[in-house]
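Grab a coffee and work through these short exercises with the structure open beside you. Try each task before you read its solution.

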Amino acid sequence: MKNQDDIVLCVPSVGLWFVEVKIRSPRFKTCAATILKGWHEFANDNNLEVGDVCIFKLLDGDKTSFEVSIVRFAVYEYLHWSQRPLTSIEDVPFESENPFLKVLMQPTYVGPKAKHIVSF
């Protein structure tokens with residue numbers, strides 16, 4: 001992936017969003033990626049709220065694409081397999097053979113002023 005690239009976010013049975021990602025050079029042996037253009041539309045179209053968890057699963061293919069699973073905070077709290085409050089994104093069960101990452105939605109990631117998301 002270049003320093004800046006377009007990627008596809010896919011929410012099954014909902015749709016596709018084309019977003020722009022900027023990769024910053026490694027600091028402290030890790031890279032940081034920021035989803036820029038298109039994030040606001042993705043967050044609004046999917047009604048993301050603070051506390052929701054987005055799981056980005058890398059898909060195979062020529063174009064960098066992620067399948068996004070959304071775990072709603074409000075729903076998680078009431079599911080029968082949740083016997084305790086969500087305290088960490090690691091508590092959200094998810095398994096995949098493909099690489100994936102979980103991102104807990106913060107106030108700066110969602111809502112009317114959401115412009116980007118910094119994560120991986």
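**Exercise 1. Work out what share of the residues counts as buried, and what the exposed surface is made of.**

Solution. This is a predicted model, so treat every value here as computed from the prediction. Start with the chain: it has 120 residues, and 35% of them count as buried. Next, turn to the outside. The protein exposes about 7,800 Å², and carbon and sulfur atoms supply 54% of that area.

**Exercise 2. Walk along the chain from the N terminus and list the order of the elements.**

Solution. Count first: the protein has 7 strands and 2 helices. Then write down the order, which reads β-β-β-α-β-β-α-β-β. Finally, check the contacts. Among those with a separation of 6 or more, 48% come from residues 24 or more positions apart.

**Exercise 3. Decide where confidence is highest and where it is lowest.**

Solution. Begin with the overall picture: the mean pLDDT is 77, and 71% of the residues reach 70 or more. Now go element by element. Helix 1 (residues 39-45) comes out highest, at a mean of 92, while helix 2 (residues 73-78) comes out lowest, at 60. Where pLDDT is low, don't read the predicted coordinates in detail.

**Exercise 4. Find the aromatic pairs and classify the one formed by Trp 39 and Phe 42.**

Solution. A search of the whole structure turns up 3 aromatic pairs. For Trp 39 and Phe 42, the ring centres are 5.2 Å apart and the planes sit at 35°. Stacked needs under 30 degrees and edge-to-face needs over 60, so this pair is tilted. Now place the two residues: both lie in helix 1, 3 residues apart, which is about one turn of the helix. What about burial? Trp 39 has 0% relative accessibility, so Trp 39 counts as buried. Phe 42 also has 0% relative accessibility and counts as buried.

**Exercise 5. Classify the pair formed by Phe 56 and Phe 66, and say which elements it links.**

Solution. Take the geometry first: the centres of Phe 56 and Phe 66 are 6.3 Å apart, with 85° between the planes, which makes the pair edge-to-face. Then locate the partners. Phe 56 belongs to strand 4 (residues 53-59) and Phe 66 to strand 5 (residues 65-71). They are 10 residues apart, and the pair links distant parts of the chain. Both Phe 56 and Phe 66 are buried.

**Exercise 6. Which residues do ring pairs link into a cluster?**

Solution. Go back to Trp 39 and Phe 42, which pair within helix 1. Add Trp 17, and you have the cluster: ring pairs link Trp 17, Trp 39 and Phe 42.

Technical notes. Residues numbered from 1 in each chain as written. Predicted model: local features only at pLDDT ≥ 70, side-chain atom pairs only at ≥ 80, totals over all residues. Heavy atoms only, no water. pLDDT = per-residue confidence, 0-100. Helix = DSSP H or I, 4+ residues; strand = E, 2+ residues; numbered from the N terminus. Phe/Tyr/Trp six-rings, centres within 6.5 Å; stacked < 30°, edge-to-face > 60°. Buried < 20%, exposed > 50% of the residue type's maximum accessible area, 1.4 Å probe, protein only. Contact = heavy atoms within 4.5 Å. Areas by Shrake-Rupley, 256 points an atom, 1.4 Å probe, with all protein chains shown as cover.
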